Amino acid sequence: MTARPTAETDAGPVARAPGATASRRVRSIPWERFVTIGFFLVVYLVICVVGNWSFLSQSNITNVFAQNAHTAFAAAAITMTLIAGQFDLSVGALVGLCAVLTAGLSANEGLPPAMIVVVIVVIGTLTGLLNSFLVSGLKVNAFIATLGTGTAFSGVALLYTGGQLIYSGIDPALTEPMRVKVAGFPLVLLLPLVLLLALWLLTKRVVFGRFLYATGANPTAAGLAGVPTRKVTRWAFVVTGVVAAIGGIVMTGTIGSANPTSGPELLLPAFAAAFLGSSLMGTESFSVVGSIIATFLLGLALNGLDIMGLSAGAKPIFNGVVLIGAVALSQALRTRKRRSRSLRADR
């Protein structure tokens, strides 16, 4: 007895494939990306209409991007540990501490700029090792461990400066290069692009990057597959520390001074950028590319709030709303992709 062909088999693979493929493509469109982009387009439009259309001028956009270069470093640093499935709440404080030490070692200790850079990178490496030891070695929850070290870093910055702003005596070799233009663009604007390229190569083109994503996705499965998850986690914290430390140098060079209380303020926008970047890229995992793009989108929106003359309290509110929305979108994206994988597995 020959089985009666179904309507599906009657259609045949050749006739059915294009429509089915198009349907799958429609279903796979990451709507979270369009929600994110649409949200910022509406915000920018409101700023232009209520505030000033010069908000979107090239000079204003360039200035905003340059002023947020150190925030991009903080967001990229946080993203590295998020990819590994960990939290690092000490990043903002570490950026602030390294900014203070960059200014202080120059103004108070008289160290040459090259030596200051080496010292700051070593400090970033050591702080990353400290966090990794607490999380991977002593098994302290990453949230608690890095919250504690971040608080300590802020305390060291306050002790070193006596709570005072460092603004005089900084070697011009640390600040002037940030104002130099390369191919028509300020150097400080190109630094995040260099960082982006370096971290993209690290996460996408070398074995460490694949291990990093595997550890963050499922550490148990990654361990069973032979991935050295503890070692990967340790290096993720070290890379985070080094990137955050360099962000401190950029912060001092860009602003031309160092405030011991400015570092912790970077934490919320940096985390918002990391989660926002994930939904912006439409990926289930975190992305350095998305985080840096989201940093500048957020920075431009916050600049617009200034142009509209809103009070300083509006910025934390905006950052908080964006962080909550970004986490919700990111979670929705993950849930949808897991459901999609489950449906494919059932078939």
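In the predicted model, the crossing of helices α5 and α12 is right-handed. Helix α5 spans residues 91-107 and helix α12 spans residues 229-255. Their axes come within 7 Å of each other and cross at roughly 50°. Because angles from 35 up to 65 degrees fall outside the parallel, antiparallel and perpendicular classes, α5 is described as oblique to α12. On the α5 side, the contact is made by V91, L94, V95, C98, A99, T102 and A103. The α12 side contributes T240, G241, A244, A245, G247, G248, I249, M251 and T252. Sorted by class, the residues of this contact comprise 10 nonpolar and six polar ones, with no charged residues.

One of the α5 residues in this contact, C98, has a relative accessibility of 0% and therefore counts as buried. A second cysteine, C48, has a relative accessibility of 2%, so C48 is also assigned to the buried class, for which the cut-off is under 20%. No disulfide is present in the structure. A disulfide is a covalent bond between the sulfur atoms of two cysteines.

Two serines were also examined. S90 is located in the loop between α4 (69-83) and α5. The relative accessibility of S90 is 1%, and S90 is therefore buried. When neighbours within four places in sequence are left aside, the residues in contact with S90 are N131, T146, T149, G150 and F153. S136, in contrast to the loop residue S90, is part of a helix, α6, which covers residues 113-137. With a relative accessible area of 8%, S136 falls under the 20% cut-off and so is buried. Apart from residues up to four places away in sequence, S136 touches R230, T233 and R234. These three contact partners of S136 have numbers that lie within the 229-255 range of helix α12.

For the protein chain as a whole, 15 helices and two strands are assigned. The chain has 347 residues, of which 45% are buried. Of the contacts between residues at least 6 apart in sequence, 77% join residues that are at least 24 apart.

Definitions and conventions:
Residues are numbered from 1 along each chain as its sequence is written. This is a predicted model: local features need pLDDT of at least 70, side-chain atom pairs count only at pLDDT 80 or more; totals for chains, interfaces and linings use all residues. Side-chain values use heavy atoms; hydrogens and water are left out. A disulfide is a pair of cysteine sulfur atoms within 2.5 Å. Buried means under 20% relative accessible area, exposed over 50%, partly exposed in between (1.4 Å probe, protein chains only). Axes are lines fitted to C-alpha atoms, for helices over the stretch in contact, and angles run from 0 to 180 degrees between N-to-C directions. Helices (H or I, at least four residues) and strands (E, at least two) are DSSP runs, numbered from the N terminus. Angles under 35 degrees count as roughly parallel, over 145 as roughly antiparallel, 65 to 115 as roughly perpendicular and the rest as oblique. A crossing is left-handed if the near helix is turned anticlockwise from the far one by less than a right angle, and right-handed if clockwise. Contact means heavy atoms within 4.5 Å. Ala, Val, Leu, Ile, Met, Phe, Trp, Tyr, Cys and Pro count as nonpolar, Asp, Glu, Lys and Arg as charged, and the others, Gly among them, as polar.
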